[in-house]
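Q: Here is a chain that I have not met before, and I would like to understand the reasons behind the words used to describe it. Please take me through it step by step, setting each value against its cut-off.

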Amino acid sequence: MQLAITAILTVTGIALQIWSSAPNRAERQYALQLPSVLLYSLAAALFLFSIFPASLTEGRALGFGLSGAAGFAAFFMLISFTWLAKTRRRDELTAQLKKAQRENTALRRQLAAEDPTREGQRPLAQSTRYEVPLRGSRRHRIGVVTGNLANVLGVDVWVNPENTRMEMSRVDEPTVSAAIRYHGGRRDDAGHMVDDVIAKELAERMDGRQYVSAGQVLVTGPGELLESHQVRKIVHVAAVEGEPGSGYRQVMDLARCARNILAEVDRLAEAGEPLRSVVVPLLGTGGGNSDLHCTVDTLLAATMSYFEAHPASRIRVVYLLAYTDVQEAVCRTALDARPELSTGA
């Protein structure tokens, strides 16, 4: 029995030491390895005095007399703590280095966002994903997906930033609305649209109305996007308002757009739709004459606030869509600056 307990203590100590030695815990190894030292000392003492029950070790520490297994365990712990104390400074330096690396990374992204190249923003050809969990929640994550929306696969809900008239862009325009309209429609062998599926359904959802309020959302099916991109729903949000002679501008309450999007997705999920992931373009930053930094900050803040207010939300991850290198830099910088997100390693 004593040997079995010794083996259990030793294995547990080794497991704790391996766990505490992971790279993402480098700055806390001194504190995390203290339980391992205790387990090792107890295991060693138990092993020694189970093999040699008549042995005796005596000593004094801090004015107290110790003998037998307790004396040996105290001696082993004293030597181990003395050695571990030398790692405290290393842990402090490691923590400072990691903090400096994070600050340096955030600064580079901020500089890239504030000072783009003379050639302007560069569209990202590759679709990559980066996501981080919300602190205190194992359920919800927020992230960035890069590149053209047409290259994004496996996200349940695509958000379409639409105008208050819910009039989708022509398929040959360089907008998210046009991409959704084209790829969601039925096309012939030459690639020409023969059935404008999503635009027709959106018009039906308008039910004769000329416009909707800013921030209002309407939901349609994905059309052909279900088979080609595994999209289950399209959420159209009134994110820009048009004015004759002036074009479109971003709606005033962008946070309301984000809240309405997530609330509608959750409503559908509660009704039985398997909707767990959402991709949200940077609403109104295309032709909406908006501030990129402010837009990203507003969307992130609204998303985090929604998850905090709805901890049981069925949505697992929300991605912001960064089409260009500058947009990606701004999004990554905003994510790193949020203490509510577990971005640090």
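A: We can begin with M166 in this predicted model, which is buried with a relative accessible area of 5%.

Q: Why is M166 called buried?

A: Buried means under 20% relative accessible area, and M166 has 5%, so the word applies to it. The residue is placed in the loop between β5 (157–163) and α5 (176–184), and its phi is near 55°, a positive value in a residue other than glycine.

Q: What makes D207 count as exposed?

A: The cut-off for exposed is over 50% relative accessible area, and D207, at 65%, therefore counts as exposed. D207 has its place in the loop between α6 and β8 (217–220), and, although it is not a glycine, it has a positive phi of about 55°.

Q: Why is R205 described as partly exposed?

A: Partly exposed covers values between the 20% and 50% cut-offs, and the relative accessibility of R205 is 37%, so R205 falls in that class. This residue belongs to helix α6 (residues 197–206).

Q: What does R205 touch, not counting residues up to four places away in sequence?

A: On that count R205 touches L218, V219 and T220. The C-alpha atoms of R205 and T220 are separated by 7.9 Å, the two residues being 15 residues apart along the chain.

Q: What makes the pairing of the side chains of R205 and E201 a polar contact?

A: A polar contact needs a suitable pair of N or O atoms within 3.5 Å, and the side chain of R205 makes such a contact with the side chain of E201 at 2.9 Å.

Q: Is H140 buried or exposed, and how do you know?

A: With a relative accessibility of 1%, set against the cut-off of under 20%, H140 counts as buried. H140 is found in the loop between β3 (129–133) and β4 (141–146), and its side chain reaches the backbone oxygen of S313 at 3.1 Å. Leaving aside neighbours within four places in sequence, the residues in contact with H140 are P133, L134, F307, H310, P311, S313, I315 and R316.

Q: Why is D291 called partly exposed?

A: Its relative accessible area is 45%, which lies between the 20% and 50% cut-offs, so D291 is partly exposed. D291 lies in the loop between β11 (277–281) and α9 (292–309), where its side chain reaches the backbone nitrogen of H293 at 3.3 Å. Between the C-alpha atoms of D291 and Q250, which are 41 residues apart along the chain, the separation is 9.3 Å.

Q: How do the cysteines C257 and C294 compare with the cut-offs for burial?

A: C257 has a relative accessible area of 0% and is therefore buried, whereas C294, at 46%, counts as partly exposed. A disulfide would require a pair of cysteine sulfur atoms within 2.5 Å, and by this rule the count comes to zero disulfides.

Q: What is known of the largest nonpolar core?

A: It has 43 residues, and those with the most contacts inside it are V278, L283 and V296. Leaving aside neighbours within four places in sequence, L283 is in contact with residues including V159, V237, C257 and L299. A second, separate core has 22 residues, among them V155, L202, I234 and V317. In soluble globular proteins, nonpolar side chains tend to be buried together.

Q: Which residues of α5 are buried, and what covers them?

A: The buried residues of α5 are S177, A178, A179, I180, R181 and G184, and their cover includes β5, β6 (186–187), β7 (193–195), α6, α7 (225–229) and β9 (233–243).

Q: What can be said of the chain as a whole?

A: The chain has ten helices and twelve strands, and buried residues make up 41% of its 345 residues. Of the contacts with a separation of 6 or more, 66% are accounted for by residues 24 or more positions apart.

Q: How confident is the predictor, going by pLDDT?

A: The chain averages a pLDDT of 82, and 70% of the residues score at least 70. Over residues 59–66, however, the pLDDT is below 50, and this stretch has nine contacts in the model beyond near neighbours in sequence.

Note on methods
Residues numbered from 1 in each chain as written. Predicted model: local features only at pLDDT ≥ 70, side-chain atom pairs only at ≥ 80, totals over all residues. Heavy atoms only, no water. Helix = DSSP H or I, 4+ residues; strand = E, 2+ residues; numbered from the N terminus. Buried < 20%, exposed > 50% of the residue type's maximum accessible area, 1.4 Å probe, protein only. Polar contact = N/O pair within 3.5 Å; in protein donor to acceptor, adjacent residues only side chain to side chain. Contact = heavy atoms within 4.5 Å. pLDDT = per-residue confidence, 0-100. Core = buried A, V, L, I, M, F, W, Y, C linked by side-chain atoms within 4.5 Å.
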